[in-house]
Amino acid sequence: MSSGWAMRRFWSAAEAEEVAGGYRVTLDGKPVRTPAKAQLLLPTRDYAAAIAEEWQAQDETIDPTSMPMTRSANAAIDKLSVQHAEVADMLADYGDSDLLCYRADSPEELVLRQAETWDPYLDWAASRYDARLEPRTGLMHRPQDPTALERLRSEVHAMDIFGLAAFHDLVSLTGSLVLGLAATAKQDAEAIWSASRLDEDWQAELWGADEEATELAELKRQSFFDAIRAWRLSRLGRA
């Protein structure tokens, strides 16, 4: 796969076009394929256009890190088309150990901040999916209600491969199934990301920010917003 990416630009124009079954991207008229040589067939025109823009923006050597929409689509087609159920189960399992449910017992300011920031998301999930996850104090695992978990699991399994590829990053980057679902529901993305970083930000306030950790956090933040964009592009114009 890495050797496939290490190529030099050979095309003049990258364009999106409609074909039977969806949309594709072409380079001087030749269709782009995934690293596994599958057809890169996208579900929406906007998604294909965004990928075409990434290819058109490349310089002499392709930089895959500057092509998050392409990478997400490749993952959907090459991996999730054959591993959808396994990945959906892995992401749904976050619900039983969701970040939002693991609370500090002290100091009081942190306890209050977690409750004020995280409880509204748990309330939202309970209202929207009839799935109530309960907070736990401390780090010991205590199982959540199986019925609530199964309702959330069904939401994840209902996602198509393109949605699930984006959702994978939303959940893994935040550590929260609930926050991932909130992001797909078009809730405030900045607020969601901030909620996922509450504990880290608290530590930074106490001990000061670490430069390396700050740089890593910014990379994760950008990946989170890329995933939101991929999710939305895969749905624009669809019923």
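Modeller: Let's start with a rule: two strands pair if DSSP finds at least two bridges between them. Helices (H or I, at least four residues) and strands (E, at least two) are DSSP runs, numbered from the N terminus. The model is predicted, so local features need pLDDT of at least 70 and side-chain atom pairs count only at pLDDT 80 or more, while totals for chains, interfaces and linings use all residues. Residues are numbered from 1 along each chain as its sequence is written, and side-chain values use heavy atoms, leaving out hydrogens and water.

Colleague: How many helices and strands does the protein chain have?

Modeller: Ten helices, written as 10 in the count, and six strands. Along its principal axes, the C-alpha trace spans about 60 × 40 × 30 Å.

Colleague: Okay, strands then. In what sense do E1 and E2 pair?

Modeller: Antiparallel: strand E1 (residues 14-19) and E2 are joined over six bridges. To see one pairing, find glutamate 18, whose bridge partner in E2 is tyrosine 23. The two strands make a hairpin with two residues between them, and glycine 21 in that turn has a positive phi of about 90 degrees.

Colleague: Which strand pairs with E2 over two bridges and has residues 30-31?

Modeller: That's E3, again in the antiparallel sense. Leucine 27 has lysine 30 in E3 as its bridge partner. This hairpin also has two residues between its strands, and here aspartate 28 takes a positive phi near 50 degrees. E2 pairs with strand E4 (residues 41-42) too, antiparallel and over two bridges. There, look for arginine 24, which has leucine 41 in E4 as its bridge partner.

Colleague: Is E2 mostly covered or mostly open?

Modeller: We go by relative accessible area: buried means under 20%, exposed over 50%, and partly exposed in between (1.4 Å probe, protein chains only). In strand E2 (residues 22-27), five of the six residues are buried, so the strand is mostly covered. Over the whole chain of 239 residues, 40% count as buried.

Colleague: Why does leucine 177 count as buried?

Modeller: Because its relative accessibility is 0%. Leucine 177 sits in helix H7 (residues 177-184). Its C-alpha atom is separated by 11 Å from that of alanine 88, although these two residues are 89 apart along the chain. For the opposite case, try glutamate 211, which counts as exposed because its relative accessibility is 61%. You'll find glutamate 211 in helix H10 (residues 211-233).

Colleague: Now salt bridges. What does the count come to?

Modeller: We look for a side-chain nitrogen of Lys or Arg within 4 Å of a carboxyl oxygen of Asp or Glu. That gives 14 salt bridges here.

Colleague: Which side chain does arginine 45 meet in a salt bridge?

Modeller: Glutamate 18, at 3.3 Å from N to O. This pair links distant parts of the chain: arginine 45 belongs to helix H2 (residues 45-56) and glutamate 18 to strand E1, 27 residues apart. Arginine 45 is partly exposed, with a relative accessible area of 43%, while glutamate 18 counts as exposed at 51%.

Colleague: Which arginine meets glutamate 205?

Modeller: Arginine 113, at 3.0 Å from N to O. The pair again links distant parts of the chain, 92 residues apart: glutamate 205 is in helix H9 (residues 198-207) and arginine 113 in helix H4 (residues 108-129).

Colleague: How many residues apart are glutamate 218 and arginine 221?

Modeller: Three, about one turn of helix H10, where both lie. They form a salt bridge whose closest N and O atoms are 3.8 Å apart. Glutamate 218 is partly exposed at 42%, and arginine 221 is partly exposed at 22%.
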